[in-house]
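Reader: I have a model open on my screen and I'd like to walk through how its pieces fit together. Can we take it bit by bit?

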Amino acid sequence: MSFRGLRDADPLDTSVLVLQDRHRSHLVDTEQFQEVLHPRQQMRAFLGMWRMDPRIRPYVIRAGFYGIYRLGHIIIDWPLITSLVERWRPETHTFHLPVGEMTITLQDVAILLGLRIDGPAVMGTCVLDVAGLCVELLGVIPPDEALRGSAISIRWLCQQLSTPAPDADDVALQRSARGFILALMGSFLFADKKGVHVHLCFLSLLRDFTHTASYSWGGAVLAHTYRELCRASLDRRRGISGCITLIQLWSWERLHVGRPDFGRPAAYPAPPFPHAVRDDDADIVDGDVAEGVGDVLPVQQGVQPEGELRPALPLGCRWRVPLTRVHNPSGVLLLYRDQLDAQTLDQVRWQPYIGELVDQLPDICLASQDMWHIMSPLVCFEVVEWHRLERVLRQFGMHQEIPPACSYEQQLHRVDARGRH
């Protein structure tokens, strides 16, 4: 799709990009849109409130969310996120850049976050018996002030479930683990517009941790991220929700704009992969990066002295390093816009996941590689978004021809359960 650039952002051909009159890029030169988007992700606050009890770790691992927990809080570069949202098009689910279209795919979700991308879709009813569900799976009934419809306060979950009794049995520990995973979802993976509540529809999928791990959580996260990018790019939105860290990690792996250097060659900066930290090493690189993550990492994915097996970590964990103004300057939205306008082909990593990086990844990151190329709907309860790889074939080492016409699924985007349950 041809553009004049963000300084004259209207597309030359509006037959595909039919939402330009509502799009953020249309107003990018006005003073109102010199401001960055507001943050809506509360991972740091969650980790500060809830230090994971080691006794619930096996349940978190079994459910498939240990890598997300270990990723911790990564400082968000809000000018970078804003500049990417300005390039996101709801009509195609891609970022429109001078070098062509690019997008976040199931491959990125699997490798960066270590989430399963095949299996049953994350779906079910959002009409819940809140009291009955909470008693069954959490062992407590939330008061009215802890609820917003069928969403529950993350802070209340922490107050009730973060400190199991010293003599807690398996039932109590599983309830604590469910609360932890639920809060992790609401703070990081499926953050809402404030990031302080999480919908209890996710709790219904946490009855059995082994069954929980079978769901396509990666597909659900990508569907939710697509929807939030679409919302943020239209109608003068001031913020963006969802898994914002995924957007930033994707950009750091593939684009040159705003990427931390850390003194490594610009052609291939590779922050140290954290799979071989000794058990007695400090886990926190910097308090602002992963505050509250007090767990320790095993030696080479091995067995701890006490016999506990821990999984290796997804690739996104290699970016869990301190950021400073030198590495990641603030107030640079205009600079990022200019850098994206001047982007050249040699500044893009179309296929960043190669070589030793892939060899060190855990099995979950590389499982179901046939799903990386699939063109199909992505589902997260009422959210349905299309995974359109025919427009980004270069990300898979293929020749990119003119993609077929696509239609904006306006009816799908109108399906919105926010504020209804």
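Reader: How many bridges do S4 and strand S5 (residues 151-153) pair over?
Author: First, this is a predicted model, where local features need pLDDT of at least 70 and side-chain atom pairs count only at pLDDT 80 or more, while totals for chains, interfaces and linings use all residues. Residues are numbered from 1 along each chain as its sequence is written, and side-chain values use heavy atoms, with hydrogens and water left out. Helices (H or I, at least four residues) and strands (E, at least two) are DSSP runs, numbered from the N terminus, and two strands pair if DSSP finds at least two bridges between them. S4 and S5 run antiparallel, with arginine 148 opposite alanine 151 in S5, and the pairing covers two bridges.

Reader: Which strands are the edge strands of that sheet?
Author: The sheet is open, has three strands and antiparallel pairing, and its order is S4-S5-S6. An edge strand here pairs on one side only, and that fits strand S4 (147-148) and strand S6 (197-199).

Reader: At what angle does helix H7 (residues 154-161) run to S5?
Author: H7 lies across S5 and S6. Axes are lines fitted to C-alpha atoms, for helices over the stretch in contact, and angles run from 0 to 180 degrees between N-to-C directions. On that basis, H7 runs to S5 at about 60°.

Reader: How many of the residues of helix H5 (residues 106-113) are buried?
Author: Buried means under 20% relative accessible area, with exposed over 50% and partly exposed in between (1.4 Å probe, protein chains only). The cover over H5 includes helix H10 (217-232), H11, strand S7 (376-380) and strand S8 (383-387), where contact means heavy atoms within 4.5 Å. H5 is largely enclosed by the rest of the structure because its buried residues number eight of the eight.

Reader: S7 and S8 form a hairpin, so which residue in the turn has a positive phi?
Author: S7 and S8 pair in the antiparallel sense over five bridges, and valine 379 stands opposite valine 384 in S8. Two residues sit between the strands, and the one in the turn with a positive phi of about 55° is phenylalanine 381.

Reader: Which residues of H11 make the contact with helix H4?
Author: H4 (residues 78-85) and H11 pack at an angle of about 85°, with axes 10 Å apart. That makes H4 roughly perpendicular to H11, a label for 65 to 115 degrees (under 35 is roughly parallel, over 145 roughly antiparallel, the rest oblique). H4 brings Trp78, Leu80, Ile81 and Leu84, and H11 brings Ile244, Ile247, Gln248, Ser251 and Trp252.

Reader: Is valine 257 buried or exposed?
Author: Valine 257 is in the loop between helix H11 (244-254) and helix H12 (287-290). It touches Leu80, Ser251, Tyr336, Gln339 and Leu340, not counting residues up to four places away in sequence. With a relative accessible area of 1%, valine 257 is buried.

Reader: And what about glutamine 343: what is its relative accessibility?
Author: Glutamine 343 is found in the loop between helix H13 (333-341) and helix H14 (356-359). Its contacts, leaving out residues up to four places away in sequence, are Leu97, Pro98, Val99, Leu255, His256 and Val348. Glutamine 343 counts as buried, and its relative accessibility is 6%.
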